[in-house]
Structures are given as structure tokens and as C-alpha cells.
Amino acid sequence: MNGMKAAAVLLFLCFFPSANRVWAQSRVPDGELRFAEFGDFRLQNGRVIHNFRLGYRTFGQLDAGKSNAILWPTWLGGISQELLQFVGPGKVLDPSKYFVVLVDAIGDGVSSSPSNSKDQRLMKFPEFSIRDMVEAEHRLATDVLHVDHLRAVVGVSMGGMQTFSWAVAYPDFMDLAIPVAGSPQSTSADKLLWTAQIDAIELDPAWNHGMPTGPLTGGLALADEIGEMSLTSPAYRVAHTGTDQFGAYLSELRKKAATDAGTACNHIRQRQAIMALDIPKELGVSMAETTKRAHAKFLIVVSQQDHVVNPTPALAFAAADGAPVITLNSDCGHSSTACISLGPTIGRFLVDPSSVRSETLTDPANP
């Protein structure tokens, strides 16, 4: 850039500071992992995460009216890199149309977590909530990305829980909310699963009250076995693993299991956040009254055979709100989103919410 051109750019940015942000943003490659540094981050329970940082990735550009931003937080144990599969031409979110923000939720091992905190390692890392995840994401949107309104919040599983929380905490901040296999409230069935997995980790002989004396070779593997048993359905497992294949299947599952204490503590803290989720109780109102706190238009997606996140609260929310429900009929259970394409439906809803009505989508593998 020659001197005259550089001077012109600087003059433009001085008189139009908002352009500075857009210009800087355009120089960051799509999908590159970045971090927002928030210093001491106060949680809803009054505790503080020190040197808090939030991982995120962006795609595309804000349009002139700043009306095309979509935020998508991670699921339980997931990281933003795993969400990349949903972003791109012809995929769920097209960055030529939308400014897409993928966020690493607290405790996922990328954003501040028990596994990577220097000052609050392992179980010294404070308990946090789904609402805390939302507060961090809201600060990212407003303070870092300078976005004061979202077209939509989209999330799967724990990301869907954040979507419900977003819509109630900041009712006018987004036009649309699309929780997929998520919930506004953890049921007793959900809590039984999360408790069993936490117990499995803590019963490992090396756990030592959160200060492990060695690799957690048993606890995390057992937690994964419990999770795998719940992730799909009995019919799915019978169809995909013959009795003569079970030994190899179990061996491979155990081989993939993590053994480090950091991962174990991340798992526990995120599960504790999920178990504490109860938006109606938090507000002190009924489920029907809860829907009145949210102004966004909802598209609620549930799985008929979800053994991980029971769909009952989401369906109750939808009934009270009058929101369309997409019901996934698949032996894949909680993983039905991997077996049934939701991209076209979500795409239509983002453009014209009134065009999407309740329907059941059936897995072509088990019609």
C-alpha cells in the first residue's frame, strides 16, 4: 500500500470507527480459532473464573444492517472445530448469507476449563451454569464482535440448552431460536445419566477426590460406556453390532477413552451445569409463563428415542409457545441429527419462519 492510499484508509477509519472493526474482521481468515479475553469472569453463583477466555470462530461478514449474525455454541464435550462441518455453501449455514459465530462453551477444553486453567486447575475450577455460558457468549457478541442483534441462535444438545437460556435471558436479542435435541429443564432421567457418568469417574481408584494419582484408565472408559449405551437406542446397537462383534466394539470404545484428569474434570463440570438447568425454576414461574419471557420465534427439534436429553420439557415449551416441532424418527436416538438431514428445514426457517410447520422426519435407514 503506497503512502497516499494508506493515508486515505487511515483517514476513513478515523472518521468511521465502525469500519475499522469491519475492515479488521475481514482480514481474519474464516474459521480461524480466536480468543476473547475477559479477565475475571463473575459467575451466577458469585464465584469467579480468573483469566477467563472464550474460544470462537467466525465465517462470512455482517451485512449493512447487521441483521444476519447467527451464533452456534458447542454441545456437551464438543469443541467449535466439530461445528465446522455445518458451515459452508450448501450446508446448514451458508457464510455467503450469514455472519456465523461458532463458540466454545465454558469447560470444553478450549475456552476456560478445568483442564487448561493455570490458577484454578481441575476440581478447583468453579462450578458454572448454562446461563454462565450464555453470559460469556453475550459479552463476546456485544463487546468483541460489536453485534447487538442476532438473526438466530442455533444449538444442538447442550447447545440447545444454551439456546433456550439465550432466548429467555435476552428476549429481544435474536429473531429466531433453534434448539435441537436440547431442553429448558433437565429431567430426572437426564440427571440419572449424568450422575452415573460422574460417579463412574469418581469411583476410579486414581481419582483421589479430584487430585488424581495417575491415569484414570477405568473411570472415564466406564463413563463413555454409559454414554454410548444412551446415545442411540437398543435397536440401533443391535443393528450395528453383532453379538460376535461385541468384544471388538467394546475394546475399540475403551481404547478411545481419555484417561487424563483434565478431561475428567471438564466432563464433570459441564454435566453439573446441565443437571442444574431449570429455567422455569430459575424464573420462579411455570413452563407456560417461561415462554412469555422469550420473544424469539422458536423452531424446536426433538428425537422420539432420545435417551440423553428427554424431550418432554422441550415439547411442553413448544406447546405453550405454539412453536413448530420437528420430530426426528430414528433409531439413532440422541444422534438422530447425524442420521436425518435438518439443513433444508433450518434453512427455510431462517429465511421465512412461517413456512415451517410441525412435522416428523423419518430416518431413511429405518423408515
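**Exercise 1. Find the stretch of this predicted model where pLDDT stays under 50, then set it against the overall confidence.**

Start at the N terminus: pLDDT stays under 50 over residues 1–26. Next, look at what this stretch touches; the model gives residues 1–26 15 contacts beyond four places in sequence. Keep in mind that this is a predicted model. Finally, zoom out to the whole protein: the mean pLDDT is 92, and 92% of the residues reach 70 or more.

**Exercise 2. Work out whether the radius of gyration of the protein agrees with that of a compact globule.**

First take the chain length, which is 367 residues. The globule rule is 2.2 Å times the number of residues to the power 0.38, so a compact globule with 367 residues would come out near 21 Å. Now compare: the protein has 21 Å, which agrees. For the outline, the C-alpha trace spans about 75 × 50 × 45 Å along its principal axes.

Then go inside. Buried residues account for 52% of the 367. As for how the chain folds back on itself, take the contacts between residues at least 6 apart in sequence: 72% of them join residues at least 24 apart. The secondary structure adds up to 13 helices and 10 strands.

**Exercise 3. Describe the surface and the charges of the protein.**

The exposed area is about 16,500 Å², with carbon and sulfur atoms supplying 55% of it. Now count charged side chains: there are 30 positive and 37 negative ones. Last step, locate the two sets: their centres lie 5 Å apart.

**Exercise 4. Decide whether Thr327 and Arg269 are buried or exposed, and list what each one touches.**

Begin with Thr327, which sits in strand S9, residues 325–329. Its relative accessible area is 16%. Buried means under 20%, so Thr327 is buried. Setting aside neighbours within four places in sequence, Thr327 is in contact with Val302, Gln304, Glu359, Thr360 and Leu361. Check the numbering of strand S10, which covers 359–362, and you can place three of those partners, Glu359, Thr360 and Leu361, in that strand.

Now Arg269, in helix H9 (residues 261–275). Its relative accessibility is 7%, so Arg269 counts as buried too. Beyond four places in sequence, Arg269 touches Pro114, Met123, Phe125, Pro126, Glu127 and Phe128. Leu122 is 147 residues from Arg269 in sequence, yet their C-alpha atoms are 9.6 Å apart.

**Exercise 5. Place Asn366 relative to strand S10, and find its contacts.**

Walk past strand S10 (359–362) and you reach the segment that holds Asn366. Not counting residues up to four places away, Asn366 touches Ser330 and Asp331. For a longer-range check, take Lys191: 175 residues separate it from Asn366 along the chain, and the C-alpha atoms are 29 Å apart.

**Exercise 6. Ser157 and His209 each have a positive phi without being glycine; compare their settings.**

Take the angles first. Phi is about 60° for Ser157 and near 55° for His209. Next, the loops: Ser157 lies between strand S5 (150–156) and helix H4 (158–169), while His209 lies between helix H5 (188–202) and helix H6 (219–231). Finish with accessibility. Ser157 has a relative accessible area of 8%, so it is buried. His209 comes to 77%, and the cut-off for exposed is over 50%, so His209 is exposed.

Terms used. Residues are numbered from 1 along each chain as its sequence is written. This is a predicted model: local features need pLDDT of at least 70, side-chain atom pairs count only at pLDDT 80 or more; totals for chains, interfaces and linings use all residues. Side-chain values use heavy atoms; hydrogens and water are left out. Helices (H or I, at least four residues) and strands (E, at least two) are DSSP runs, numbered from the N terminus. Buried means under 20% relative accessible area, exposed over 50%, partly exposed in between (1.4 Å probe, protein chains only). Contact means heavy atoms within 4.5 Å. Accessible areas come from the Shrake-Rupley method with a 1.4 Å probe; for residues, only the protein chains shown count as cover. Lys and Arg count as positive and Asp and Glu as negative; His and the chain ends are not counted. The place of a charge is taken as NZ of Lys, CZ of Arg, CG of Asp or CD of Glu. pLDDT is the predictor's confidence in each residue, from 0 to 100.
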